[in-house]
Amino acid sequence: MEYIQAPATSSQGNILCCTCGIPIPPNPANMCVSCLRTQVDISEGIPKQVTVHFCKQCERYLQPPQTWMHCALESRELLALCLKKLKASMTKVRLIDAGFLFTEPHSKRIKLKLTIQKEVMNGAILQQVFVVEFVIQSQMCSDCHRVEAKDFWKAVVQVRQKTVHKKTFYYLEQMILKHNLHQNTLRIKEIHDGLDFYFGTKQHGQKMVDFLQCTVPCRTKASQRLISHDVHTNEYNYKSAFSVEIVPVCKDNVVCLSPRLAQSLGNMSQVCVCTRVTSTIHLISPSTLQIAEVDANTYWRYPFNSLCNPKQLEEFIVMEIDIIRDQKLGAGAGLTSNKHVLAEVWVQKVSEMNTSQQYFCRTYMGHLLNIGDMVMGFDFANSNINDEHWNKINPQHLPDVILIKKSYDRMKRVKRRNWKLKELDRDREGMPSDDERQYQDFLEDLEEDEGLRKNVNIFRDANKLPVESDTDDDGAPRISLAEMLEELTLNDATGGEGADMMTE
């Protein structure tokens, strides 16, 4: 405790303390500091130990009455929260300084060093420094209560895609993780043909729907159901449901456009291959190298479906290839791809190597294929296609084979892969576990398509060492270390993870 005295205008003599009699400079109380400390305690009424509530699940502190906020240890936000706990008891004193004293993170104690001033007897101003201890007490917040209940939700977003392959869902999952759209979900449930996202508020559900409309081509429908109604306050309690239907087209699907749509895209060939699905459907013609993008509104006006199932892909071997240098298109033709090379190819099925049957086709992979390479494609010459637009095309203009992508040894690619992706924490109750092959297809697409992986966070797998061997190099595309991210792991001074400091 200190005594604060204004500077004297002239020299003054000492006086005797009225209590103990020692000489002191004159002051309004006529008492020394030691005697004032025995007579007056300016920190009286200020609690020296206060309780602060902390939620273990979401790591937030309670700011009364009902606000929960994130605060780092020894941060400005945590200091403000602690001082608000003392605000009611410090109305008669003046706060000069406040700061943290070091405590062990796992001790569940926060100590503040406070400096206050107060005017006491006869106008004397005293200054005192003391410590207030805040005890952290665990209390589950209302949001975490809803998460633990798993049945309390106000909005659900039902995302569906009526297709066999889940490449679009794998891409959508990575986009959600990159933009942290999953943080507000109470539960994510995987069901047949899609995912269900449950939210605590309608606003969070609407935010997810807006994100999906900007990420993938889809159409939405909203509905709500009345749960309860308070006639006294005129308050309504609704549960909202948003239905999101993604176009049933995935990467590497062969589609047949309607004549009107093909004409509007620059007199494009009706038979096209889907090279990518982002916010639009990217199409390329294997016979003319024309490219086009179809947005959601255009698709639902002129819908088209995939002609073949990915399981119908067959392996071919390239017997002969000729690059087409001068490709002349008709009047009104649209854009052509600069990343691909048009070529005429003679191929033979691997399953028919003991015969002389070969197939002729055009392909957009002239820059990748060489004689003897293995390539995956669809055999339309021996397939029965049930599509209204396909059946109306002159059979002489239909391709016998459409090549999709070059084939590499999958075992070697998996062995060399030294990166990984994060996944959403979702319920897979009653779901079949045969999605591993589809997931591997998606990982291979990321390796082959540089434009696709720009929207995906790829992390280096520290537990897997890359295997480098000249004999295993078959030319398969890889992801460079410059494109990978390091997984962030926060550790405290004792070596434990930061997330466990306050939860144990």
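This report on a predicted model describes the surroundings of one threonine and then a set of salt bridges.

## T275 and its contacts

T275 belongs to strand β16, which covers residues 271–277, and is partly exposed, because its relative accessible area of 22% falls between the bounds of 20% and 50%. Leaving aside residues up to four places away in sequence, T275 touches K251, H282, I284 and D449. N253 is 22 residues away from T275 along the chain, and the C-alpha atoms of the two are separated by 7.9 Å.

## Salt bridges around helix α4

Across the whole structure, the search finds 20 salt bridges. In one of them K166 pairs with E190, with 3.3 Å between the closest N and O atoms. K166 sits in the loop between β10 and α4 whereas E190 lies in strand β11, so this pair ties together parts that are 24 residues apart in sequence. E190 is buried, because its relative accessible area of 6% is under 20%.

K167, in turn, forms a salt bridge with D252, where the closest N and O atoms are 3.0 Å apart. Here helix α4, which holds K167, is linked to the loop between β14 and β15, which holds D252, and the two residues are 85 apart along the chain. Both D252 and K167 are buried.

## The network at α9 and α10

A further salt bridge joins the side chains of R413 and E447, at 2.8 Å from N to O. R413 is in helix α9 and E447 in helix α10, so that distant parts of the chain, 34 residues apart, are linked by the pair. R413 and E447 are both buried, and salt bridges with shared partners join them with R417, E444 and E448 into one network.

Terms used:
Residues are numbered from 1 along each chain as its sequence is written. This is a predicted model: local features need pLDDT of at least 70, side-chain atom pairs count only at pLDDT 80 or more; totals for chains, interfaces and linings use all residues. Side-chain values use heavy atoms; hydrogens and water are left out. Helices (H or I, at least four residues) and strands (E, at least two) are DSSP runs, numbered from the N terminus. Buried means under 20% relative accessible area, exposed over 50%, partly exposed in between (1.4 Å probe, protein chains only). Contact means heavy atoms within 4.5 Å. A salt bridge is a side-chain nitrogen of Lys or Arg within 4 Å of a carboxyl oxygen of Asp or Glu.
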